2 protein chains.
Amino acid sequence: MNDFSIGVDLGGTNLRIAAVDVGGQLVEKVTLGTKVSLGRDHVLNDMCEAIKHLSAKYKNSAKMLGIGIGVPGIIDMETGLLRESPNLPGWADYPVRAEIERRLTTVVILENDANVAAFGEKWLGAAKDHDDMAMLTLGTGVGGGLVMGGKIWHGMNGMAGEFGHTTVEPEGHPCGCGNRGCLEQYASATAVVRMAREAIAQNASSRLAQAAHEDAEFSAKSIYNLAIQGDEDAKRIFRRVGRCIGIVLSAMVNSLNLPIYVIGGGVASAWEAFAPSIFEELRQRCMVYAATAPPDPLAQGGGASSHVEPGPGRKTIITRALLGSDAGLFGAARLPMIAEAAR
Amino acid sequence: MNDFSIGVDLGGTNLRIAAVDVGGQLVEKVTLGTKVSLGRDHVLNDMCEAIKHLSAKYKNSAKMLGIGIGVPGIIDMETGLLRESPNLPGWADYPVRAEIERRLTTVVILENDANVAAFGEKWLGAAKDHDDMAMLTLGTGVGGGLVMGGKIWHGMNGMAGEFGHTTVEPEGHPCGCGNRGCLEQYASATAVVRMAREAIAQNASSRLAQAAHEDAEFSAKSIYNLAIQGDEDAKRIFRRVGRCIGIVLSAMVNSLNLPIYVIGGGVASAWEAFAPSIFEELRQRCMVYAATAPPDPLAQGGGASSHVEPGPGRKTIITRALLGSDAGLFGAARLPMIAEAAR
């Protein structure tokens, strides 16, 4: 067996723990519910038990390189404190890293969840073999991660990569971060449902209204299903998602001129419905994209076959993520491997 | 005498050539008009003669380390071609670097003008001793430069740092780059005059209208003079400048979490008129700034005394540039020194 590490993806809904080997093979994955309502201690206990179990099971067959944990929220990289975490109520300013290290009596690496997702896609996914990349994760909110020179770019306080809070509409919808008109307000799953409810308020006899009435779990997925069935209201919502992503990507491409930008998270499943609008905005708004666009950008978003090798062409690639919900798990597992190599 | 290099700032109006030593001392500076109307050859001839003159004058006293040239426009770093250059009509797709190297029979380093300005401020100015910084240059247009890990961040094609083309108003004023509502359309000298003319069209009896009528060279400076005299229309224009810079800086701070952002260029002379609006927007819009703002951000913009040493505080500094129009000259001269050190 190859040397391995343990990656953890601590989400607001699911808690997943995996042993991953240095070749990128998933050795074993444990999926638990995150019992947020039972409190921090309960969640940390579940996590640490699963880590100990996996570690004990494999550590006699190969070297265990360490533990990486992806956490939703802003982490102070120096202190290991979770600064803000809307999806883990009651965890703000809690010394998460110190507490896990105390329970496991070993060093762990704590990292923002969108950063580990980016790092996973960089290691094994859509941005494989690219040293520089950025990722947007369209989930309940919109997370972002930036990898430069093969490393996660943290910025001076570990707070970099918050592309989801770029202003798209200066007087737009209020955002939980304090700003108005953030990308998150137009491209998250939450935003898709809100925009649908806004459309329903305008037209109560639409198919959207009917679906919302019939479907107790009226979600971004329900709205996407209507869009692929051709419902114009639903299609318009996803065009707006794409437009807003396109505006933010235009700024990112002009500012950073990276080789590849990856779009992941649950809402990325609706790629077909919003991606054309992304490329429309980029072509119109972004001079660096205009100078570096590949001939057929949408062809690259097609799925597993879309992987684009870095080459002398030096084109700007915008593509969907390949690892789905495992991106963060792989990225978290990668952290101790890199730290090991740096020693 | 210390070892020295030659820096060139090739602007649309002025052509400046300087010998600068490795300690950052200006040895000699030559300022010429850029005779754009006489054509490329004439301008290159003026430049190369001045370089040869300075080089010959000092090369027996110290080692001449090389030549760095700041050029307005997008440069393909691989080929040395000037891709686009609105201020140097007729130079697009011209092999500038190869032609200068042919004339001087030596290697030169070509770099975007906003990048060299950032690099100058990083070496000797407001961002001295910071390895990571970004700069906005508010001139005829709005240029940008990004320094990461002590080096200019070029991106894959040398096109990074175009913060001036970040969208502020998705349906805003058309920009020469093809986009609408770019920062450049609200924060350049050109934009200040345009916004004044828009205000005059609304109110032909205003002091702005009177000034435009009386002043043949009605400029951003004229409008700033009215603002400091208390004219409400003029003040409103600079508040808009600050607001738009604040929106773009909010995205930069959330995305990059750098220690320092420097505002330079001619329009930065109006700092007092627009800076309060920048900080107002940052406080409202930018969660990373809210978590890392120094207690009195405006106190840092006060001039030469404003230099902030990097320290354990890890605050986000937004400040005005210190080197004025010499930033680019120093930054250009620094390029061959760094290249020399890397050998």
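Helices and strands here are DSSP runs, helices of at least four residues and strands of at least two, numbered from the N terminus. With that in hand, let's walk through this predicted model.

**One chain at a time**

Start with chain A, which has eleven helices and twelve strands. Along its principal axes, the C-alpha trace of chain A spans about 60 × 50 × 35 Å. Is that what you'd expect for a compact globule? A better way to put it: what radius of gyration would a compact globule of 343 residues have? It would be near 20 Å, and chain A has 20 Å, so the two agree. Buried residues make up 52% of the 343 residues in chain A. The chain also brings together residues that sit far along the sequence: of the contacts in chain A between residues at least 6 apart, 62% join residues at least 24 apart.A small piece of chain A is worth a look too. Strand β5 (residues 74–76) and strand β6 (residues 81–84) of chain A pair in the antiparallel sense over three bridges. Within that pairing, A:Ile75 has A:Leu82 in β6(A) as its bridge partner. Four residues lie between the two strands of this hairpin, and A:Gly80 takes a positive phi near 75° there.

**The first sheet in chain B**

Now over to chain B. One open sheet of five strands runs in the order β3-β2-β1-β4-β7 (chain B), with mixed pairing. Its edge strands are β3 (26–33) and β7 (108–112) of chain B, and each pairs on one side only. On average, neighbouring strands of this sheet are turned by 15° against each other, direction ignored. Strand β4 (residues 64–71) of chain B runs parallel to β7(B), joined by five bridges. In that pair, B:Ile67 stands opposite B:Val108 in β7(B). Helix α1 of chain B packs on the sheet, touching β1 (4–10), β2 (14–21), β3 and β4 of chain B.

**The second sheet in chain B**

Another open sheet of five strands has the order β10-β9-β8-β11-β12 (chain B), again with mixed pairing. Why is one side of β10 and of β12 in chain B left without a neighbour in the sheet? Strands β10 (151–152) and β12 (317–320) of chain B stand at the edges with a single partner strand each, so one side of each has no neighbour there. Strand β8 (residues 133–138) and strand β9 (residues 142–148) of chain B run antiparallel and are joined by six bridges. Here B:Thr137 stands opposite B:Gly143 in β9(B).

Helices lie across the strands of both sheets, and this table lists them with their angles.

| Helix (chain B) | Strands it touches (chain B) | Angle |
|---|---|---|
| α1 (residues 40–58) | β1, β2, β3 and β4 | about 20° to β2(B) |
| α2 (residues 96–104) | β4 and β7 | about 150° to β7(B) |
| α3 (residues 113–124) | β8, β9, β10 and β11 | about 50° to β9(B) |
| α8 (232–256) | β8, β11 and β12 | about 165° to β8(B) |

**How the two chains meet**

So how are the copies arranged? A rotation of 180° with 0.0 Å of shift along its axis superposes chain B on chain A, with an RMSD of 0.0 Å. The two copies are thus related as by a two-fold rotation axis.

How many residues of chain B are in contact with chain A? There are 36 of them, in contact with 36 residues of chain A. On the side of chain B that touches chain A, at least two residues each come from α8 (232–256), α9 (271–285) and α10 (287–292) of chain B. The biggest giver is α8(B), with six residues. Sorted by class, this side of chain B has 17 nonpolar, 14 polar and five charged residues. And 100% of the interface residues of chain B are also interface residues in chain A, so the copies meet through the same surface.

**Zooming in on one glycine**

Let's finish with A:Gly178, which sits in the loop between β10 (151–152) and α4 (184–187) of chain A. Is A:Gly178 buried, partly exposed or exposed? It has 14 C-beta neighbours inside 10 Å, so A:Gly178 counts as partly exposed; being buried would take 20 or more, and exposed means 12 or fewer. A:Gly178 and A:His165 are 13 residues apart in sequence and 9.7 Å apart in space, C-alpha to C-alpha. Leaving aside its neighbours within four places in sequence, A:Gly178 is in contact with residues across in the other chain: B:Gln284, B:Met287 and B:Ala290.

Notes: Residues numbered from 1 in each chain as written. Chains lettered and ligands numbered in written order. Predicted model: local features only at pLDDT ≥ 70, side-chain atom pairs only at ≥ 80, totals over all residues. Least-squares fit on C-alpha atoms with pLDDT ≥ 70 in both. Contact = placed C-beta atoms within 7 Å. Nonpolar A, V, L, I, M, F, W, Y, C, P; charged D, E, K, R; others polar. Pairing = 2+ DSSP bridges. Axes fitted to C-alpha atoms, helices over the stretch in contact; angles between N-to-C directions. Rg over C-alpha atoms; globule rule 2.2 N^0.38 Å.
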